[in-house]
Amino acid sequence: MNLTSSYDPAAQFDPYKFDRNKKAIPFLSRGTRFPEFSNFYQPANLILHLGVKLPTVEHHYQAQTAFLMQNDSLFQKIAESTHGVQTPMEVKRAARHFKNTGLSKIDQLQLKVVSPFIMRPILIAKFQQNEDLKRLLEATGNAELWECNISDRFWGVGLSPADAY
C-alpha cells in the first residue's frame with residue numbers, strides 16, 4: 001500500500017517509530033516491537049468470523065481446522081474460550097496434538113494445502129474490525145511482515161527476531 005503525502009497514517013499512529021523504508025518488519029507474539037501482527041495477539045474487540053466471536057486469529061484458525069477435520073469436541077473446546085479461558089498457545093497445543101495423533105499423513109498434507117485459504121479471511125477480519133490495528137497495518141506501507149519464529153517455516157521465516165534485523 002503506497003502512502004501519499006496527503007494521507008499518512010504513520011504520522012497519526014506510529015507508537016514504535018519504525019523505519020518505513022525497511023523492506024521487512026519482523027514480529028513475534030512477544031518480545032518484539034510488533035506483537036499486534038501475531039496470530040496470538042488479542043485485539044480490543046473479539047474477532048467475528050463466520051458468525052463466531054473468538055479472541056484471537058489463532059483461536060479462529062484452530063477452530064476452523066477442527067471443524068474441517070470433523071473434530072467436534074476440539075471445535076467446542078475452542079469455541080467456548082471467548083473469555084480467555086484458553087490462551088492461544090493452549091488452543092494451538094490441543095489442535096497440534098489432534099493433528100499429530102488423529103489425522104492420517106494424507107489429511108495432514110491436505111490441511112497444509114488449505115491452511116492459507118482458512119487463514120486469509122480471518123486475518124482480514126482482525127484488521128477490518130479493529131481500527132487501531134488497521135491503522136498500524138496501513139502504516140507499514142509496502143514492507144513485508146515477517147513472523148520471526150525459528151521453529152516455524154510454514155507461517156514464519158525461520159529466523160529469530162534478532163537475526164531478521
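The legends below accompany close-up views of a predicted model of one protein chain.

**View 1. Overall fold of the predicted chain.** The secondary structure of the protein chain comprises 7 helices and 4 strands, and, read along the sequence, these elements are arranged in the pattern α-β-β-β-α-α-α-α-α-β-α. The chain has 165 residues, of which 41% count as buried, and it exposes about 9900 Å², with carbon and sulfur atoms supplying 53% of that area. Among contacts between residues at least 6 apart in sequence, 59% join residues at least 24 apart.

**View 2. The largest pocket and the elements around it.** The largest pocket has a volume of about 850 Å³ and is lined by 32 residues, with Gln62, Lys92, Arg96, Asp152 and Trp155 lying nearest its centre. The elements that give two or more residues to this lining are helix 2 (57-68), helix 4 (88-102) and helix 5 (105-128), and the largest share, 6 residues, comes from helix 5. By class, the lining of the largest pocket divides into 13 nonpolar, 10 polar and 9 charged residues.

**View 3. The second largest pocket.** The second largest pocket holds about 320 Å³ of space, and of the 14 residues that line it, Phe27, Asn39, Leu123, Leu145 and Trp155 are the closest to its centre. Helix 5 and strand 4 (144-147) each supply at least two residues of this lining. The lining of the second largest pocket is made up of 11 nonpolar, 2 polar and 1 charged residues. Trp155 thus appears in two views, being among the residues nearest the centre of the largest pocket and among those closest to the centre of the second largest pocket.

**View 4. Asn39 in its loop.** Asn39, one of the residues closest to the centre of the second largest pocket, is placed in the loop between strand 1 (24-27) and strand 2 (47-49). With a relative accessible area of 16%, Asn39 counts as buried because this value falls under the 20% cut-off. Leaving aside neighbours within four places in sequence, Asn39 is in contact with Thr56, Val57, Glu58, Met119 and Leu123, and of these partners Leu123 is also among the residues closest to the centre of the second largest pocket.

**View 5. Tyr61 in helix 2.** Tyr61 is found in helix 2 and is buried, with a relative accessible area of 7%. When neighbours within four places in sequence are left aside, the contacts of Tyr61 are with Lys99, Ser115, Ile118, Met119, Ile122 and Trp155. Met119 is a contact of Tyr61 and also a contact of Asn39. Tyr61 and Val91 are 30 residues apart in sequence, and their C-alpha atoms lie 9.8 Å apart in space.

**View 6. The largest nonpolar core and a second core.** In soluble globular proteins, nonpolar side chains tend to be buried together. In this model the largest nonpolar core has 12 residues, namely Leu54, Ala63, Ala66, Met69, Leu74, Ile78, Val91, Ala94, Ala95, Phe98, Leu103 and Leu111. Helix 2, helix 3 (72-79) and helix 4 each supply at least two residues of this core, and the largest share, 4 residues, comes from helix 4. Apart from the largest core lies another core, of 8 residues, including Phe27, Phe127, Leu136 and Ala143; Phe27 is also one of the residues closest to the centre of the second largest pocket.

**View 7. The enclosed cavity and Ala66.** The model contains 1 cavity of 30 Å³ or more, and about 30 Å³ of space lies in the largest cavity. Its lining consists of Thr65, Ala66, Met69, Leu74, Ala95, Phe98, Lys99 and Leu111, and these residues divide into 6 nonpolar, 1 polar and 1 charged. Helix 2 and helix 4 each supply at least two residues of the cavity lining, with helix 4 giving the most, 3 residues. Ala66, Met69, Leu74, Ala95, Phe98 and Leu111 belong both to this lining and to the largest nonpolar core. Ala66 touches Asn71, Leu74 and Phe75, not counting residues up to four places away in sequence, and Lys99, another lining residue of the cavity, is in contact with Tyr61.

Technical notes: Residues numbered from 1 in each chain as written. Predicted model: local features only at pLDDT ≥ 70, side-chain atom pairs only at ≥ 80, totals over all residues. Heavy atoms only, no water. 1 Å grid on protein atoms, 1.4 Å probe; cavity = no way out; pocket = protein on both sides within 12 Å on 5 of 7 lines; lining within 4 Å. Points joined across faces, edges and corners; volume = space filled by probe spheres on them. Nonpolar A, V, L, I, M, F, W, Y, C, P; charged D, E, K, R; others polar. Core = buried A, V, L, I, M, F, W, Y, C linked by side-chain atoms within 4.5 Å. Buried < 20%, exposed > 50% of the residue type's maximum accessible area, 1.4 Å probe, protein only. Contact = heavy atoms within 4.5 Å. Areas by Shrake-Rupley, 256 points an atom, 1.4 Å probe, with all protein chains shown as cover.
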